[in-house]
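Here are some worked exercises to try with the coordinates open in your viewer. Have a go at each task before you read its solution.

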Amino acid sequence: MVDILNLALPYFGLIFVGFACGKVKSLPESGLAWMNFFLLYVSLPALLFAIMSKTPFSELNNPPFLVATTLSTVAAFTIALVVGKVLGKLTLREATLAGLSGGYGNIGYMGPGLALAVLGSRAAAPTALIFCCDSIFLFTIVPLLIELSDRDHPSLVHAFGVVLKQIVLNPLIMSACFGAAVAALHIELPVALDRTITFLQNAAAPTALFVLGVTVALRPFHRVPWEVPGVIAVKLLIHPLVAIGLMLAFGPFAQPWAATAILMASLPPALNVFVIARQNDAWIESASVAVLLGTFASVITLTSVMWALQTGRLSFP
């Protein structure tokens with residue numbers, strides 16, 4: 001257990017350092033703009049590109065794994081959306097964001113670094129595949145449902161156009177696709193470029209976790225809406241359980257692959273949930289509370305999952 005805490009606490013520690021800085025230092029939130037840009041458009045894309053490009057392409061061809069992990073995210077999203085509609089009596093737009101909170105874990109900020117630290121280099125391929133498939137699904141269904149809720153007579157063609165544009169222009173998805181192409185074509189990068197990408201990818205996790213802590217600290221926290229505890233329970237408890245069931249149903253998979261799927265499903269709600277809520281001017285306060293409480297609760301739930309995986313108490317045939 002000490003080894004697990006030594007792995008997990010630095011990640012949560014960086015979040016709490018950012019949280020403390022956000023509470024102590026009175027700096028405007030606009031100061032995070034360039035850090036967020038660096039993360040979204042430079043450092044995290046470099047990390048995903050590096051993971052994909054250095055993974056043999058044959059390892060990336062695993063359709064049953066893709067179906068199983070994506071179905072677990074679909075299930076978590078759907079259950080959380082229903083929870084938002086029933087408990088919070090939310091509109092379709094608000095319930096969609098509640099579903100996003102229940103299905104979209106911190107797979108960008110925490111996922112890659114934590115998976116590689118806990119499970120080693122064999123977690124690289126499944127981590128990248130889960131990120132791509134989850135992002136494509138969520139960045140398709142969420143804009144589509146929100147677009148359909150915008151008008152009395154929505155145009156499906158326009159809605160799909162908006163969705164396609166968001167997918168094509170998403171730097172994280174595209175960097176992973178470029179990395180897969182490099183792996184498929186066996187392209188050897190120049191040494192200088194490879195070292196630059198290494199510098200950038202090494203900055204991704206600490207910067208992302210610090211920004212997550214600061215951003216959460218700057219969010220107002222007045223009350224806990226009825227639906228938020230249910231949505232957090234879906235993300236931290238139901239999503240991993242569904243992932244375990246689907247790993248067994250669609251398997252057998254190699255232990256590092258199945259373990260990566262469970263670990264990624266156990267991550268707390270992503271900071272992007274709040275960003276997307278603010279962009280759509282809906283469920284904003286609830287999204288910030290879900291990210292805040294979900295991150296704190298995951299100190300227990302995520303660490304427990306890491307312990308179960310590392311000790312072999314959660315293993316797959």
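## Exercise 1: A threonine inside a helix

With a relative accessibility of 1%, T127 counts as buried. Keep in mind that this is a predicted model.

**Task.** Work out which helix T127 is found in, and which residues T127 is in contact with once neighbours within four places in sequence are left aside.

**Solution.**
- Step 1: place the residue. T127 is part of helix α7, which covers residues 124-148.
- Step 2: skip the neighbours within four places in sequence and list what T127 touches: G111, P112, A115, T260 and M264.
- Step 3: check the label. Buried means under 20% relative accessible area, and T127 has 1%, so it counts as buried.

## Exercise 2: A serine in α7

**Task.** Decide whether S135 is buried or exposed, and find what S135 touches, not counting residues up to four places away in sequence.

**Solution.**
- Step 1: S135 is found in helix α7.
- Step 2: its relative accessibility is 1%, so S135 counts as buried.
- Step 3: leaving out residues up to four places away in sequence, S135 touches I107, T140 and I173.

## Exercise 3: Hunting for salt bridges

**Task.** How many salt bridges does the structure hold, and which side chains meet there?

**Solution.**
- Step 1: get the chemistry straight. Side chains of opposite charge can pair when their charged atoms come close.
- Step 2: apply the cut-off. The nitrogen of Lys or Arg has to be within 4 Å of a carboxyl oxygen of Asp or Glu.
- Step 3: count. The structure holds one salt bridge. D194 and K54 form it, at 3.5 Å from N to O.
- Step 4: see where the partners sit. D194 is in helix α10 (residues 191-217), while K54 is in the loop between α2 (33-53) and α3 (57-60), and the two are 140 residues apart.
- Step 5: look at accessibility. D194, at 25%, counts as partly exposed, whereas K54, at 54%, counts as exposed.

## Exercise 4: Two helix pairs

**Task.** Describe how α13 packs with α14, then do the job again for α11 and α12.

**Solution.**
- Step 1: take α13 (residues 271-279) and α14 (residues 284-310). Their axes are 8 Å apart and the packing angle is about 175 degrees. An angle over 145 counts as roughly antiparallel, so α13 and α14 are roughly antiparallel to each other.
- Step 2: name the contact. α13 brings L271, V273, F274, A277 and R278, and α14 brings I284, A287, S288 and V291. Sorted by class, that gives seven nonpolar, one polar and one charged.
- Step 3: move to α11 (residues 227-250) and α12 (residues 255-265). Here the axes come within 8 Å and cross at roughly 160 degrees, which means α11 is roughly antiparallel to α12.
- Step 4: add the handedness. α11 passes α12 in a right-handed crossing.
- Step 5: list the residues. K235, H239, P240, A243, I244 and M247 of α11 meet A258, A261, I262, M264 and A265 of α12. This contact has nine nonpolar, one polar and one charged residues.

## Exercise 5: Positive phi in loops

**Task.** Find where K89 and H186 are placed, and give the phi of K89 and of H186.

**Solution.**
- Step 1: K89 lies in the loop between α4 (63-87) and α5 (92-103). Its phi is near 50 degrees, a positive value in a residue other than glycine. K89 is exposed, with a relative accessible area of 70%.
- Step 2: H186 lies in the loop between α9 (171-185) and α10. Phi of H186 is near 55 degrees, again a positive value in a residue other than glycine. At 68% relative accessibility, H186 counts as exposed.

Terms used. Residues are numbered from 1 along each chain as its sequence is written. This is a predicted model: local features need pLDDT of at least 70, side-chain atom pairs count only at pLDDT 80 or more; totals for chains, interfaces and linings use all residues. Side-chain values use heavy atoms; hydrogens and water are left out. Axes are lines fitted to C-alpha atoms, for helices over the stretch in contact, and angles run from 0 to 180 degrees between N-to-C directions. Helices (H or I, at least four residues) and strands (E, at least two) are DSSP runs, numbered from the N terminus. Angles under 35 degrees count as roughly parallel, over 145 as roughly antiparallel, 65 to 115 as roughly perpendicular and the rest as oblique. Contact means heavy atoms within 4.5 Å. Ala, Val, Leu, Ile, Met, Phe, Trp, Tyr, Cys and Pro count as nonpolar, Asp, Glu, Lys and Arg as charged, and the others, Gly among them, as polar. Buried means under 20% relative accessible area, exposed over 50%, partly exposed in between (1.4 Å probe, protein chains only). A crossing is left-handed if the near helix is turned anticlockwise from the far one by less than a right angle, and right-handed if clockwise.
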